[in-house]
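This report describes selected strands, helices and surface features of one protein model. The sequence and structure are shown first.

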Amino acid sequence: MSAGRRVGVREPVDAVRDVVALVAATGLALTPLVPVYGVSAVLPALVGGVVLGTAVTLVAAARRWSALVVVALLVGAYALAGGALAAPTTTVGGVLPTPATFLALARGAASTWKQVLTLQPPVGTGGTLLVAAFLLALVGTAGALALSLRVRRPAVAALAGVVPLLVLVGSIVLGTRTPPVPPAAAGTALVALVLTWAAWRTGRWRPRRVVATGALAAVAAAGGLLGGPLVVADQPRVVVRDEIVPPFDPRDYPSPLASFRRLVKLDDTVLMTLDGLPDGARVRLATFDRYDGVVFNVAGDGSAQASGEFRRVGDRLDVAARGERARVEVTVGDLQGVWLPTVGLATSVDLGPATDDLRYNDATGAAVVTSGVREGMTYRLDVVVPDVPDDDTIGGAGAASVVQPASQGVPQAVAVAAADVARDAGTPVQVARAISSYLADEGFFSHGLTDAGDHPSLSGHGAKRLADLLAGQTMVGDGEQYASAAALMIREMGLPARVVLGFVPGSGDDEEGDGDVAVPTDDDGAVEIRGRDVQAWVEVAFAGHGWVPFDVTPPQSRTPDQEQEETDTDPQPQVVQPPVLPPDRVTPPEDDTEQPQAEDPAADDSALARWLRIAAWAGVGLGGVLVLLSPLLVVVALKARRRRRRRRAADPVRRVAGGWDEVVDTARDMGGAPPGAATRRETARAWATTIVGGHPAVAARVEALARRADRAVFAAGTPDRSEVDAYWADVDATVGALRGTLPWRRRVRAHGSLASLRARRAVAAAARADRDRATRTTAVPGRGPRRAGRPRRGGR
């Protein structure tokens, strides 16, 4: 179809092609939103938005309605269909909108973007979270189709191809680390589709350009699909939601593990009541993986895999682990702080009015409430309690690929004890089991509560306390010390380990540690968690099995006093013993929480590293641009070499003639080939009405150059150097003036045009053929050889 025909009424088949191409491009651009919400949750909103946007635009184009009417129809479609597709919880029966629906849609159009970015995927369908996906589909589809179907100028209508690219940018900003379609493949396919459609829409798609276009597409695809992964290597994909600093930082609060003894002192106090707790399930309060020589705490280093990265979550959470599913209702008793008790891995958390204060960490299964837990608070958990594999099931599985912060201030006794205990272990699970068994079997239990008659035992788990535990004459402590020591020892052996503080129902009454004890319940059969049920254990990550718990604390019945009684039953020979020096008196601290003062580590000046990363990414981007521009750069380089040869020719006459040839080649690239068998002046006069029509000053300069070139070629004598330089200066000015008559897009195309290179190649081939004919000789009797033909008279 010609360009003139496109300005008028277009054929229906052309409109159908526009709709198919742009709808397909918009659908591909929306794919990064699928893992943000989940397939079943977001698919109705995306499909509904695309269908509504297409229908409104097609009807408006067929009826020739104004742009204002189109906008009004889109707003009406958003209000009427948005309830069912984007805010179903505000409708009647999930379909009929209510006044609350219209209010929610109006607010959601501005607030939903922040909500989606600050929630942990999948965000679910609560509130107006689907408004972002619905708006991107509706507005993106309508904008692209309206621009293509309503604009008459093909060059402007082709800009509709930019709209899917903008939708892709919006989807990527809201997206996750693992989109369903790899970014390199999605971007390459989308750009190829949009460029092909834009070339067809402007009427510039030609069969002879298929080979060149295919070569350029192959270079771009190879650079994106093959070069991209090589450059990025193992670097994680940068996602906006992972870079947003959460408003809640648990490091602003003391580590709950340092309050272990305070919870123990509550003894018979009911801290919480759980209804529906599965048999054998534990209650998690907090998980720690960062040790600084003073205390175990959450990492909170800003990455989504950190134990301290707590984010707002939607009404549904994805859990890949297998295990028993249950619904647990929790009623908080005498428990304080911001840490929310959880069970297993939550698939949903319903805090009622306090839901907006919930922050969850799906890497550890821990949760916090920014407003703090309070007595009488009731909430519901839908959970999966993962199956705990035994040692035989784990077998020879290696350590899982888990990133943990480096430990600091670890005492030397930890490494010595770990190497000595696990020296005969083979597989990773045998290493973890050997360390946990050593501490549980060789250590002694004591909370160090003097009023309860416990054996002296200091609280805390700083470097000195752990060194005394492992290198002293007798290992004495409770879960706080044993879990901390076990985690550090296991990490010294190259396995990822972390400490968990929580509650094991009935463990406070299980003095023998065999688990044979009745779990306390209330009148309704709900499980009661008391202060004496507090426990700390270790979790170790194995490939293919996830985090596996290990109990490392000796049973409460194993005390140093018991060891002394067992030793006294074995009579010793009556020999004179040297006097025994009295042991140093142990003075318990006034507070059960060890609070050593440590200097903050020096801040890491990462400005240089940041600039190096910026420079690296800039280099990658520049390299990609150079790859895409390589065909144009090659053509420009060839033309520059040709111009340099012409200007540096040995013969002054040839240099002047070369200047005129430079003007001719510039005109060829602009689409103005010189007339056949015309002189220089005839060519200049012909161009005055074609390529430079409407620019008489430029035409006059071209004709002046033609006269000066004829004078230099045909006049007697040889032009001097100053005349040649002045001529080339005028050539450069005229070439610039010729290109200045073109719009910027045609000017760029003229720079990259191959017309002059192909024409010069054809002229060179014809000249070689003439020379071959001129040098062929004909045998004439009685005469010498003569040239077969007369040389042509040159001079354009």
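## Basis of the description

Helices are DSSP runs of H or I with at least four residues, strands are runs of E with at least two, and both are numbered from the N terminus. The model is predicted.

## Sheet containing β2, β7 and β17

One open sheet consists of five strands in the order β10-β13-β7-β2-β17, with antiparallel pairing. Its edges are β10 (345-350) and β17 (527-530), each of which pairs on one side only. On average, neighbouring strands of this sheet are turned by 25° against each other, direction ignored.

Within this sheet, β7 (residues 323-332) and β13 (residues 378-386) run antiparallel and are joined by nine bridges. Arg325 has Val384 in β13 as its bridge partner. Strand β2 (residues 270-275) is joined to β17 by four bridges, and these two strands are likewise antiparallel. Here Met272 has Ile529 in β17 as its bridge partner.

## Burial of the edge strand β17

Are the faces of β17 covered or open? Both faces are covered: Val527 and Ile529 are buried on one side, while Glu528 and Arg530 are buried on the other. In a regular strand, side chains alternate between the two faces of the sheet. Strand β17 is thus described by two facts together: β17 is an edge strand that pairs on one side only, and the four residues Val527, Glu528, Ile529 and Arg530 are all buried.

## Sheet containing β3, β16 and β18

Another open sheet of five strands has the order β9-β3-β16-β18-β19, and its pairing is antiparallel. The edge positions belong to β9 (342-343) and β19 (546-550), each pairing on one side only. Five bridges connect β3 (residues 283-288) with β16 (residues 497-503) in the antiparallel sense. Among the residues of this pairing, Thr287 stands opposite Val500 in β16.

Helix α18 (residues 479-492) lies across β16 and β18 (534-542). The helix runs at about 10° to β18.

## Nonpolar surface patch

Leu622, Val625, Leu626, Leu629 and Leu633 make a nonpolar surface patch of about 430 Å². One of these residues, Leu626, is found in helix α20 (residues 607-647).

Why is Leu626 classed as partly exposed? Its relative accessible area is 44%. Buried means under 20% and exposed means over 50%, so a value in between counts as partly exposed. Patch membership requires over 30% relative accessible area, and the 44% of Leu626 is therefore consistent with its place in the patch.

Definitions and conventions
Residues numbered from 1 in each chain as written. Predicted model: local features only at pLDDT ≥ 70, side-chain atom pairs only at ≥ 80, totals over all residues. Heavy atoms only, no water. Pairing = 2+ DSSP bridges. Axes fitted to C-alpha atoms, helices over the stretch in contact; angles between N-to-C directions. Contact = heavy atoms within 4.5 Å. Patch = residues over 30% accessible without salt bridge, like charges linked within 9 Å, V, L, I, M, F, W, Y side chains within 5 Å. Areas by Shrake-Rupley, 256 points an atom, 1.4 Å probe, with all protein chains shown as cover. Salt bridge = Lys/Arg side-chain N within 4 Å of Asp/Glu carboxyl O. Buried < 20%, exposed > 50% of the residue type's maximum accessible area, 1.4 Å probe, protein only.
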